[in-house]
Amino acid sequence: MIKIRKDIETCEGYANCVVAASDVYDLDDDGKVVILRPTVDESERDKVDEAVRSCPTAAIWLEDD
Amino acid sequence: MDHVVVVGGSVGGIRTVSGLRAARCDGAITLVDPEAAAPYDRPPLSKQVLAGTWEPEKASLGDPGSQWNARVIAERTTSVNVDAHEITLRTGERLGYDALVIATGAAPRTLPGAATHDGVHVLRTMTDCLDLRQSLERGGPLVVVGGGFIGAEVASTARALGVEVTIAEALGAPMAHVLGDQVAALLTTLHERNGVTVRCGAGVRALDGDGRVEAVLLDDGSRLPADTVVVGIGVMPNTGWLEGSGIRLDNGVVCDEYCAAVDVEDVYALGDVARWRDRQAGRHVRLEHWTNATEQANTVAHNLTHPDDQRAHTARPYFWSDQHGVKIQLMGYADPASSVTIVRQEGGRERIAAIYHDGDELRAALTINWPRALATVRAALEAKTPASDAVKQLERSQRAGCSSSA
Ligand SMILES: Cc1cc2nc3c(=O)[nH]c(=O)nc-3n(C[C@H](O)[C@H](O)[C@H](O)COP(=O)(O)OP(=O)(O)OC[C@H]3O[C@@H](n4cnc5c(N)ncnc54)[C@H](O)[C@@H]3O)c2cc1C
Ligand code: SF4
């Protein structure tokens with residue numbers, strides 16, 4: 001399993017992550033990233049990897065369980 | 001690829017270097033930029049660093065030598081010889097390349113005669129930012145010439161420092177020529193509510209003052225007192241060093257959809273300096289957006305490392321701006337000629353989404369204080385959702401937002 005991590009201080013609400021993986025990331029009303037699923041399966045790595053890379057402020061990252 | 005030379009070491013250049021390493025490119029990479037020893041990001045220069053809430057170091061883009069094993073040459077490039085595959089530095093030194101990446105960005109336009117007065121600034125570099133900060137500390141008044149995003153951010157930051165601010169825009173309303181009248185009016189209201197005076201429809205005739213600037217004189221005969229002036233009238237791509245090289249220049253480096261410069265071999269361009277063919281838009285475009293520079297850098301890094309799997313770059317144009325404590329976000333190609341439908345979320349903090357559409361075809365959206373709406377529009381653009389459906393989605397989320405806060 002892959003753990004989904006975030007730092008809401010760094011998040012600027014660009015929504016790039018939401019577009020890359022809308023079933024994993026969402027935004028709250030203040031435009032801060034919300035993690036919908038705290039862990040994802042290895043088979044989803046490419047998708048969440050893309051989300052992490054597309055974040056302009058490096059506010060999200062992955063940790064291997 | 002044996003040796004990639006990247007000229008320009010701000011966000012576009014740095015992301016190319018890191019992208020190449022992420023794609024497991026283990027060849028030599030050289031980064032050439034007079035500022036390459038300590039690369040930094042520009043958006044904070046009109047926001048946090050200018051406001052003094054961030055130390056300049058916080059805008060750092062990293063250390064290309066230790067992080068991505070790049071050789072750094074802190075020098076200006078003065079020319080390129082595409083046949084010999086080499087560039088020349090200001091020192092006269094020549095450097096060969098297998099692939100050349102042009103990421104030299106853009107430089108601000110200036111007012112004729114502005115250089116003769118102290119207290120007149122442009123804002124592009126860290127030095128510009130720290131100089132302007134010093135000027136603002138004298139207390140103002142500040143006149144911002146030009147109603148673009150960077151000028152608007154400077155106005156907002158200066159207001160927060162307690163400085164009296166006037167924006168002088170030669171055209172109808174700030175940003176009207178890019179965003180249309182309706183949205184320009186929303187942005188003007190935001191300024192005025194926050195104590196910024198907006199003067200439209202009169203161009204700058206001259207600057208007045210003996211040594212330091214004392215006033216800005218407008219076409220209509222009026223005189224705006226000023227202790228500091230910021231000129232924000234747009235930028236020009238930094239292509240002077242490419243003239244006569246055979247690389248085609250036309251408002252930037254002309255590239256194909258793969259971000260490769262046309263007419264020549266092994267040259268790529270990205271970021272503010274590049275005008276590439278966007279398949280989706282069906283024309284050549286040059287964007288001055290941070291996110292586009294990073295996405296193009298990804299594309300170039302991919303194309304350099306995958307000669308048999310070239311990827312076209314299509315933009316999802318995205319720009320954000322922080323003004324008067326409010327986040328303004330623009331997604332898609334906004335055309336002032338398009339129709340605009342405005343959705344407002346009332347109650348609590350006002351949130352606004354302006355949806356640009358031609359008939360029912362969704363083109364773009366500008367949101368004020370409503371990032372969630374931007375995410376909705378972004379997905380709708382990607383899925384080619386009709387504009388009326390996107391508007392309905394926003395109205396629905398608006399009701400949901402209201403009931404959850406009630
Ligand atoms: C104050 C400010 C605020 C901004 N705010 C936002 C924002 O909120 N949102 C947003 O989306 N965008 C914003 N932008 C725009 C964004 O910063 C740019 O789109 C982005 O910096 C473009 O990156 P780039 O790498 O293409 O070019 P640049 O950042 O312009 O970098 C080009 C680099 O090339 C170097 N160079 C130039 N000529 C040569 C040469 N001959 N030889 C060697 N090196 C050379 C320069 O020293 C520079 O470091 C802002 C820009 C500014 C100035
Ligand atoms: S892409 Fe990054 S900054 Fe944007 S919403 Fe996601 S986490 Fe936040």
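Begin in chain B of this predicted model by selecting strands 18, 20 and 21, which form an open sheet of 3 strands in the order 18-20-21, with mixed pairing. Colour strand 18 (253-255) and strand 21 (283-285) of chain B next, since these are the edge strands, each pairing on one side only. With direction ignored, neighbouring strands of this sheet are turned by 25° against each other on average.

As general background, the strands of a sheet pair through backbone hydrogen bonds, either parallel or antiparallel. Now select strand 20 (residues 274-278) of chain B together with strand 21 of chain B: the two run antiparallel and are joined by 3 bridges. To view one bridge, display B:Asp278, whose bridge partner in strand 21 of chain B is B:Arg283.

The tour now turns to the nonpolar cores. In soluble globular proteins, nonpolar side chains tend to be buried together. Select B:Leu304, B:Ile355 and B:Leu394: within the largest nonpolar core, which has 44 residues, these touch the most other members. Then highlight helix 8 (residues 290-305) of chain B, which supplies the largest share of this core, 6 residues. Where does this core lie with respect to domain 1 and domain 3 of chain B? Both domain 1 (3-106 + 235-305) and domain 3 (325-405) of chain B give residues to the core, so it lies between them.

Centre the view on B:Leu394 next. Leaving aside residues up to four places away in sequence, B:Leu394 touches B:Val343, B:Ala353, B:Ile355, B:Trp370, B:Ala373, B:Thr376 and B:Val377. Finally, select B:Val80, B:Trp241, B:Ala274 and B:Trp276, which are among the 27 residues of another core, lying apart from the largest one.

Conventions
Residues numbered from 1 in each chain as written. Chains lettered and ligands numbered in written order. Predicted model: local features only at pLDDT ≥ 70, side-chain atom pairs only at ≥ 80, totals over all residues. Heavy atoms only, no water. Core = buried A, V, L, I, M, F, W, Y, C linked by side-chain atoms within 4.5 Å. Buried < 20%, exposed > 50% of the residue type's maximum accessible area, 1.4 Å probe, protein only. Helix = DSSP H or I, 4+ residues; strand = E, 2+ residues; numbered from the N terminus. Domains from an automatic or database assignment. Contact = heavy atoms within 4.5 Å. Pairing = 2+ DSSP bridges. Axes fitted to C-alpha atoms, helices over the stretch in contact; angles between N-to-C directions.
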